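Please open the model in a viewer and keep the sequence panel in sight. The tour below proceeds one selection at a time.

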Amino acid sequence: MTRQRLAVNRLRERLPAESAVVDRFVARHGSPIVEGERATFLFRGDADEVRVRHRVVGLPDPLPMRRLEGTDLWAVTTDLPEGSRVEYQLETRRGEHYEQFNDPLNPRVAHSPMGSSSVCAAVGYHVPDWTRHDPEARPGELVEDVIRSKALRRDQPVQLYLPARYNPAQRYPLLVVHDGSDYLGYASMKTVLDNLIHRLDVAPLIAAFVPPRDRLKEYPNHAPHARFVARELVPRLTERFPLVDGPEGRCLMGSSFGGIAALSTAVRYPGLFGSLLLESASLVFTDIGMEHGGGPYFDPVVKFVNRYRAKPSRPVERIFMSCGTYEPLITPNRSMVPVFRHAGITVNYTEARDGHNWENWRDQLRDGLSWIFPGPQKFVYE
Amino acid sequence: MRTIILGPQRFMTTAGTALRSLGVDGPVATVNAGWEEREDDVGELDSVLGGRTRHLRLYHRMLDVITKDEAFASAALAFRDRHEDLMALYRLRLHKAMEGVYAVQRRPPSPSGEAFGALDDAVEGVRRLDDWYSRELRDLYRELDAAAPLESSDVVGWHRGELEAALRDSAVLVLTGGHVGTLLRALRLFALRVPDELPVIAWSAGAMALTERVVLFHDFGPRGASEAEVYDRGLGRVRGVVALPHARRRLQLEDRERCAVMARRFTEQHCVLLDDGTALELRPDGGLPRGARILGLDGAVHEVVPR
C-alpha cells in the first residue's frame with residue numbers, strides 16, 4: 001500500500017515559491033495537519049529556533065521544527081497514533097529570548113489551572129458528546145456550602161451537586177471529588193453529571209466538590225485532610241441528605257495528587273468508602289532508596305505508596321483507575337494494578353492515548369462513574 | 001384469553017392497530033407506572049389509544065401509600081436495601097460464572113475432540129445461580145409480607161378497591177414501557193389481578209411484566225456488554241417467554257455464541273425478540289404465534305413455526 005505524501009512534503013517540492021503560495025497552504029490546512037497517523041505542526045514567522053513543547057512520553061521534548069527553505073514557514077512531523085489527543089505549545093528563540101505560547105494557527109485550546117494549551121487531536125479522537133451541554137438533560141443544582149472544619153482549622157467551602165428531580169424521599173450515593181472546583185471548571189463535570197444521569201448511564205447521585213487550599217501539602221497522605229473528609233464532611237452530608245447508608249454508596253475520587261488524597265483517605269479510614277475513582281493518580285514509588293525524580297513535593301507521596309506496596313490493604317472494594325499512555329505516570333499506574341488486585345480489590349483499569357490533563361480526565365468520567373454508580377439503563381425499556 | 005405483546009412504540013406505533021384488532025368497545029385501562037413522575041404525560045398515549053383511556057395512575061398511588069402508610073414505607077425501604085444487597089451478591093457471582101461459561105466456550109477443541117459436557121455444565125451452574133437468586137428473593141418477599149401485610153393497610157385497601165372497580169368496567173388493559181422495576185413494584189403493591197377474559201396489550205417493560213420471569217439485559221451500556229440477569233417475577237400471564245424488548249438495540253445479536261448461551265440459560269422459555277413493529281397475539285393456548293422471532297440454541301434468530 002502506498003502512503004500518500006504529506007501535505008508539507010508536497011509543498012516542499014514546490015519550493016522556492018512565492019509568499020502567496022505559503023499563505024494559501026497555511027490558510028487551507030491550519031495547524032497541526034493530521035494525516036493518517038502523522039501530525040505536522042506549523043509555525044510562521046521569523047525566529048532562530050522554533051520547537052514544539054509537549055509532555056508526551058516517548059517523543060522528544062522539545063521537538064525542533066525546521067524552516068522550509070526560502071520561506072518563513074517552520075514545520076515538524078511526528079507520529080500520532082489513532083485516537084490520540086496531545087496538548088502542546090510552541091517555543092521560539094530569538095537570540096537569547098525564549099517565548100512559549102499557544103499555536104497561533106490552531107484555534108483548539110484546552111484550559112487548566114496552569115493556563116491554556118493548544119490541542120492536537122488525532123484521527124479517531126472525538127470530544128464525547130456527553131461532555132457538551134444537552135438541552136434535553138435536566139440540570140442538577142450546585143449549592144454552595146461551607147463546613148467549619150476542626151481538622152483543617154478553617155472554614156472549608158464545598159460545592160454540592162444535587163441531581164435533577166432531587167427528591168428527599170429517595171436515597172443517593174455520595175461522590176466526594178478532590179480538586180472539586182477544577183473538575184467543575186476544566187472537566188465540565190456538572191454538565192457531564194447532568195448528561196450521564198439523564199442518559200441513565202449513571203445513577204442520580206450527590207457530589208461534594210471540595211477544593212484544596214494547599215493541595216501539595218493537603219493531598220499527599222495528610223491526616224487532617226483525611227479526618228476532614230471522613231469525620232466531618234461525610235457525617236455532615238449524611239445528616240443533611242438522604243444518602244445510601246453504607247460503603248457501597250460512597251466513592252472518593254481525584255486526579256493526580258487528588259488521586260493520592262482519595263487513596264490515602266480510604267487507607268486511613270478503611271471500610272468507610274466502597275470505591276475509589278482514580279485518574280492519573282500520582283502513584284509514584286521506588287523499589288530501593290528514595291531517588292524518585294519527582295522533587296520534594298513527591299516525597300510524602302513516595303513514602304505513602306512505598307508503605308502501601310510493602311503491606312497492601314483492602315480499604316475499599318472497588319477501584320476505577322485511568323491513566324494517559326503519554327504521561328510519565330503510566331508506568332506507576334500500570335504497576336499498581338496488580339498490587340491492588342492482589343490485595344483483593346476489584347480493579348477496573350483503563351488507558352487513553354492522552355496526557356496528564358483535565359480533558360483526558362473529563363473523557364474518562366463516563367467509564368468511571370457508570371462503573372462505580374451504574375444508572376438504571378438496564379431497567380428502562382420504553 | 002387475548003394477549004398482544006408489542007415492540008417499542010417510540011418509532012413505530014402499533015398499539016392503536018392492536019387495539020382495533022381486538023374489536024372491543026369500552027374504556028381502555030392503562031398502566032404506565034414505568035414512566036414514573038411522567039405518568040400523567042398521557043397526551044400521546046390518549047391519541048394512540050383513541051381517547052377511551054382510563055389511567056390507573058399506579059405510580060402516583062404508590063407514592064400516596066408511601067406518604068400515608070409509614071409502617072409500609074419503612075418496611076418497603078428495608079426490603080429495598082436487602083434486595084439491593086442480594087442483587088449485588090448475585091451480580092458478583094453471575095459475572096464470575098458467566099466468565100467461566102465464555103472461557104469454556106472460547107477454548108479451542110482438544111485434539112481428541114472430547115468436551116466432557118463442560119459447556120452444558122457451566123451453563124447449568126448459571127441456571128442454578130439464577131434459581132438461588134429467585135429463591136432468596138421469594139424469601140425476602142415473604143418476610144416483607146410478614147412485616148407489613150398489605151391487607152392490613154387501609155390506604156392500600158382503598159386504592160385496591162378503586163383499581164378493581166376500574167378494571168371491572170374496562171374493556172382492555174394496556175401496559176406501557178418504562179422502568180420495569182417501578183412497574184413491577186406498583187403491580188405487586190396493588191396486587192393487580194388481571195382477569196383472564198380481559199384482553200391485554202403490552203409493550204416493552206409492560207410486556208416483560210406479563211411474563212413469569214423478568215430478565216434485564218443490555219449489551220451496549222457505557223461499560224460494554226453486561227450479563228443478562230434475572231430480576232423478579234412478573235404477572236405470569238404470558239408463560240414460557242423471556243421478553244426481550246429493543247433486542248436489536250440492546251443485544252449483540254451478531255454474536256451467536258453469546259446469544260446461544262442466553263438461549264441455553266433460559267432453555268425452558270423462548271427468548272422472544274420484541275423490536276420496532278413487532279406485534280404478537282398469543283394463541284388461545286398461550287403459545288407464541290407463527291413468525292414470532294426467538295433466539296435459538298444455536299444463537300441465531302429463528303421464527304416460530306407452531307406444530
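How many residues lie between strand 7 and strand 8 of chain B in the hairpin that they form? Before selecting them, please note that this is a predicted model. Its scores are ipTM 0.95 and pTM 0.90. For chain B, the mean pLDDT is 94, and 100% of the residues reach 70 or more.

**First stop: the hairpin.** Select residues 213-221 of chain B, which make up strand 7, and then residues 224-233, which make up strand 8. The hairpin formed by these two strands has 2 residues between them. The pairing of strand 7 with strand 8 is antiparallel and comprises 6 bridges. To view one pair of facing positions, display B:His218 in strand 7 and B:Ser226, which stands opposite B:His218 in strand 8. Strand 8 of chain B is mostly covered, with 7 of its 10 residues buried.

**Second stop: the open sheet.** Turn next to the sheet of 6 strands in chain B, whose order is 3-2-4-6-1-11 and whose pairing is mixed. Select strand 3 (53-55) and strand 11 (279-281) of chain B: each has a single partner strand, so one side of each has no neighbour in the sheet. From one strand to the next, the twist averages 20°.

**Third stop: one edge of that sheet.** Keep strand 11 of chain B selected and add strand 1, residues 3-6. These two strands run antiparallel and are joined by 3 bridges. Finally, display B:Leu6 together with B:Ala279, its bridge partner in strand 11 of chain B.

Methods
Residues are numbered from 1 along each chain as its sequence is written. Chains are lettered from A and ligands numbered from 1 in the order in which they are written. This is a predicted model: local features need pLDDT of at least 70, side-chain atom pairs count only at pLDDT 80 or more; totals for chains, interfaces and linings use all residues. pLDDT is the predictor's confidence in each residue, from 0 to 100. Two strands pair if DSSP finds at least two bridges between them. Helices (H or I, at least four residues) and strands (E, at least two) are DSSP runs, numbered from the N terminus. Axes are lines fitted to C-alpha atoms, for helices over the stretch in contact, and angles run from 0 to 180 degrees between N-to-C directions. A residue is buried if 20 or more other C-beta atoms lie within 10 Å of its own, exposed if 12 or fewer, and partly exposed in between; C-beta atoms are placed from the backbone.
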